[in-house]
Amino acid sequence: MRFLLNLLFLGLSFQAFSQNLLHTYSGYVRDSKTGEELIGVNVVIPNLGEGTSTNLYGFYSLSLKPGIYEVSVQYIGYQTKTMKIDLNTDLKMNIELSENTTELDEVTVTAEKLDQNVSSVEMSVAQLDIKDVKKMPALLGEVDIIRSLTLLPGISTIGEASNGFNVRGGNTDQNLILLDEAPVYNSSHLFGFFSIFNADAVKDVKLYKGGIPSRYGGRLSSVVDVRQKDGNNKEFSGTGGVGLLSSRLLLEGPIQKDKSAFMVAARRSYADIFLALSPDPAISENTLYFYDLNTKLNYIISDKDRLYLSGYFGRDVFEINDLFGFDWGNTSASLRWNHLFSDRLFSNFTLVFTDYTYSLGTADDAEFNFRLQSTIQDYHFKNQYNYYINSKNEIEFGVEGIYYRMKPGQITGSVELELQREYAFEPSIYFSQELELGTRWTLQYGLRYSSFYNLGAQTVRNYSNPDLPNSEELIGSQEYEAGEIIEAYNGLEGLEPRFSANYRIDDERSIKASYNRTRQYIHLISNTSTPTPVDLYRPAGRYIEPATVNQIAAGYFQNFAENRYEVSVEGYYKDFQNIVDYRNGADLIFNETIETEILSGIGRSYGLEFYLRKREGRLSGWLSYTLSKTELKVENDDPLLAINAGEWYAANYDKRHDISFVLSYQLTKKWDLGMNFTYQTGRAITPPEGRFTFEEYSVPVYRSRNSLRIPDYHRLDLSANYTPPKDPNKKFYSAWSIGIYNVYARRNAYSIFFEQADAPAGATAPSFNTQAVQLSIFGTIIPSVTWNFNF
């Protein structure tokens with residue numbers, strides 16, 4: 001702490017005496033065609049070797065001595081813009097960039113000196129261009145941002161049809177997923193086959209695996225920051241597509257040209273329409289579909305003020321013959337106000353509401369009917385500031401507050417039951433500074449302080465051993481009024497230091513290191529191999545402690561061949577504390593005493609990540625390889641509760657080897673081809689180690705947790721995209737995407753379960769043998785075709 005304060009004092013003192021000698025060059029960088037603000041654009045003064053990048057709202061600010069400068073504005077996929085400025089006073093300049101028009105014989109189609117991976121202090125960051133994602137092979141032609149991210153090092157999934165993803169040994173609930181700053185609790189449609197993000201509506205995606213900036217908190221392992229398009233404030237336009245599974249349409253345009261704009265994007269699947277065509281009532285009376293709606297309004301009030309209003313509404317519906325129904329979905333809304341207090345001080349005020357609800361039950365007219373519903377709601381306030389001291393010194397600070405309302409479960413119908421509702425408040429404050437020291441060193445250091453309050457109204461049960469709650473040792477309860485603090489976590493444990501450093505060896509090579517400590521106060525309660533839509537989130541409280549992780553990482557980064565190739569190698573180590581695990585045979589469904597099923601453990605994860613990418617030319621793509629190990633440990637004085645006898649055991653999402661190979665080839669001006677190949681070590685499962693017989697049944701006995709692995713996973717996908725040349729005299733144009741998923745029809749194991757084998761034919765007694773059965777989601781080639789259009 002003292003070290004950080006000393007660095008801050010030195011940085012401010014060093015700059016303070018010269019501020020009156022500097023002028024500020026600031027403004028926004030936008031797309032020339034749509035007026036969209038561009039994130040992460042490099043604004044560089046080549047002669048000085050100084051520069052900055054636009055923030056999450058496209059704003060940049062550079063403070064320089066008076067003089068005439070040449071400015072270079074660079075962004076991947078856009079033409080580099082060079083201009084001269086006479087900085088004899090503060091200068092505001094909004095800059096517009098034009099997209100590249102790629103010709104077949106071009107070798108370089110982006111700016112020549114884009115070296116952010118080497119020059120930036122950021123490390124352990126995964127970022128993909130949406131245009132590249134749309135060219136990649138996809139299941140049933142559904143462009144999937146989350147699945148595309150899992151092709152990068154350090155990011156994986158349990159398997160096909162799995163909700164969520166795992167980052168550097170973290171569980172799926174340890175990822176903070178933000179859509180225009182609103183948290184997303186379930187990022188999947190159709191039980192994990194597809195993500196909720198409509199690629200047409202997305203402007204930018206960035207995933208932090210390590211070196212997480214102090215402005216982010218509340219999750220242990222990663223942050224996925226997804227930004228929606230703002231809307232075209234130049235002209236009305238649209239884009240969409242028709243595929244085998246779903247159709248989509250996006251409309252955007254100015255409300256007042258160059259002043260305000262809207263964006264609306266809708267997507268819906270139509271499996272239910274085809275099911276209804278079946279002559280078999282057992283099929284035609286089933287319902288299965290999903291939909292999502294993305295909306296956004298933005299309004300430029302003045303040169304200093306801008307408003308954004310964003311919304312997301314998504315739902316999955318699954319019904320079986322009017323007998324049983326199941327639906328779940330996210331709803332979110334965020335209101336943001338950008339304000340410039342000065343050319344150097346940028347602020348953002350954000351209000352967010354988010355809701356995740358699922359329900360399941362029978363038809364209302366059933367003889368015995370019920371409806372189970374569970375909800376988690378958040379109310380956020382966030383106030384963030386960026387202060388640009390000069391081109392080598394930037395400060396970021398802010399405050400955040402989150403109020404949680406959780407309804408773990410309510411049953412209505414023939415039976416009326418409800419689990420206690422839970423409430424919590426999570427305030428935090430943060431600070432960070434990015435400082436360049438000379439020409440080689442860049443430091444980013446910061447501190448986040450978070451606390452958490454579990455609140456009433458609630459009845460809290462008391463146990464004779466509060467460290468190990470047992471339903472048989474209940475000794476009473478205590479009532480708490482609305483708003484009364486049940487449990488507070490507000491000590492020094494809430495300090496979350498963050499630190500990153502970049503040592504630049506030369507223009508093409510650098511070495512980076514980072515450390516971050518993060519805290520998580522809400523936990524996903526699930527003992528399945530992959531989360532399901534009906535899993536619950538529960539807050540830290542009397543019997544569930546906040547989880548903490550400390551992560552260190554270091555890496556080597558290099559560009560070569562005029563930045564057309566990049567390579568990086570990163571190593572990391574993570575130490576987890578207070579990880580939630582469960583007793584053997586835990587019952588988590590509608591359990592009023594859930595604390596009696598939960599155990600607290602520790603974890604560790606370490607690994608090495610390799611990444612080689614060719615980002616320009618007719619042939620582009622990357623190769624990624626991750627070597628990692630993730631283990632958990634749950635010790636307990638009671639040997640029956642010590643998992644694996646208190647020894648380390650593999651997490652069920654531990655995968656030793658993970659390889660991805662992605663290629664894109666521009667065959668002709670009209671055709672481009674794509675390929676994805678993935679190989680992963682099979683995940684860990686718990687096999688039976690013995691059995692005993694009871695009457696006519698064989699009962700398995702389990703001892704060692706996750707001591708066996710399912711077969712390794714591998715898959716090849718191919719795609720071809722046909723894009724005719726655009727006719728400048730026509731506003732409407734279209735393209736075709738053709739794909740083949742699982743080219744060689746691999747039957748990858750999703751899971752292996754064990755069951756009693758059938759007795760041989762003619763046998764007079766049951767078989768007591770146990771057999772392993774492999775469950776595969778896909779075992780055939782899955783073709784797809786999608787028609788895309790723009791106007």
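Strands β18 and β19 form a hairpin with 3 residues between them, where strands are DSSP runs of E of at least two residues, numbered from the N terminus. The model is a predicted one, in which local features need pLDDT of at least 70 and side-chain atom pairs count only at pLDDT 80 or more, whereas totals for chains, interfaces and linings use all residues. Residues are numbered from 1 along each chain as its sequence is written, and side-chain values use heavy atoms, with hydrogens and water left out.

Within this hairpin, β18 and β19 (residues 246-256) pair in the antiparallel sense over 6 bridges, two strands being taken as paired if DSSP finds at least two bridges between them; G238 has L251 in β19 as its bridge partner. Strand β18 is also joined antiparallel to β53 (residues 782-790), by 4 bridges, and here the bridge partner of G241 is N788 in β53. Of the 6 residues of β18 (residues 237-242), 5 are buried, so the strand is largely enclosed by the rest of the structure; buried denotes under 20% relative accessible area, exposed over 50%, and partly exposed in between, with a 1.4 Å probe and protein chains only.

A second hairpin is formed by β40 and β41, with 4 residues between them, and G617 in its turn has a positive phi of about 100°. The antiparallel strands β40 (residues 598-614) and β41 (residues 619-633) are joined by 13 bridges, with R613 having W622 in β41 as its bridge partner. Strand β41 further pairs with β43 (residues 657-666) in the antiparallel sense over 9 bridges, an arrangement in which L623 stands opposite F661 of β43. Between β41 and β42 (residues 649-650), which also run antiparallel, there are 2 bridges, and the bridge partner of E631 is A650 in β42.

An open sheet of 5 strands with mixed pairing follows the order β9-β16-β17-β12-β13. Its edge strands, β9 (125-127) and β13 (182-183), each pair on one side only. Inside this order, β16 (residues 202-208) and β17 (residues 222-228) pair in the antiparallel sense over 6 bridges, and D204 stands opposite R227 in β17.

On the surface, E285, E319, D322, D364 and D365 gather in a patch of negative charge, patches being made of residues with over 30% relative accessible area and no salt bridge, with like charges joined within 9 Å and nonpolar side chains (Val, Leu, Ile, Met, Phe, Trp, Tyr) within 5 Å. A salt bridge is a side-chain nitrogen of Lys or Arg within 4 Å of a carboxyl oxygen of Asp or Glu. D364 lies in the loop between β24 (345-362) and β25 (370-390) and is exposed, with a relative accessible area of 70%.

Notes
Areas by Shrake-Rupley, 256 points an atom, 1.4 Å probe, with all protein chains shown as cover. Lys, Arg positive; Asp, Glu negative; His and termini not counted. Charge placed at Lys NZ, Arg CZ, Asp CG, Glu CD.
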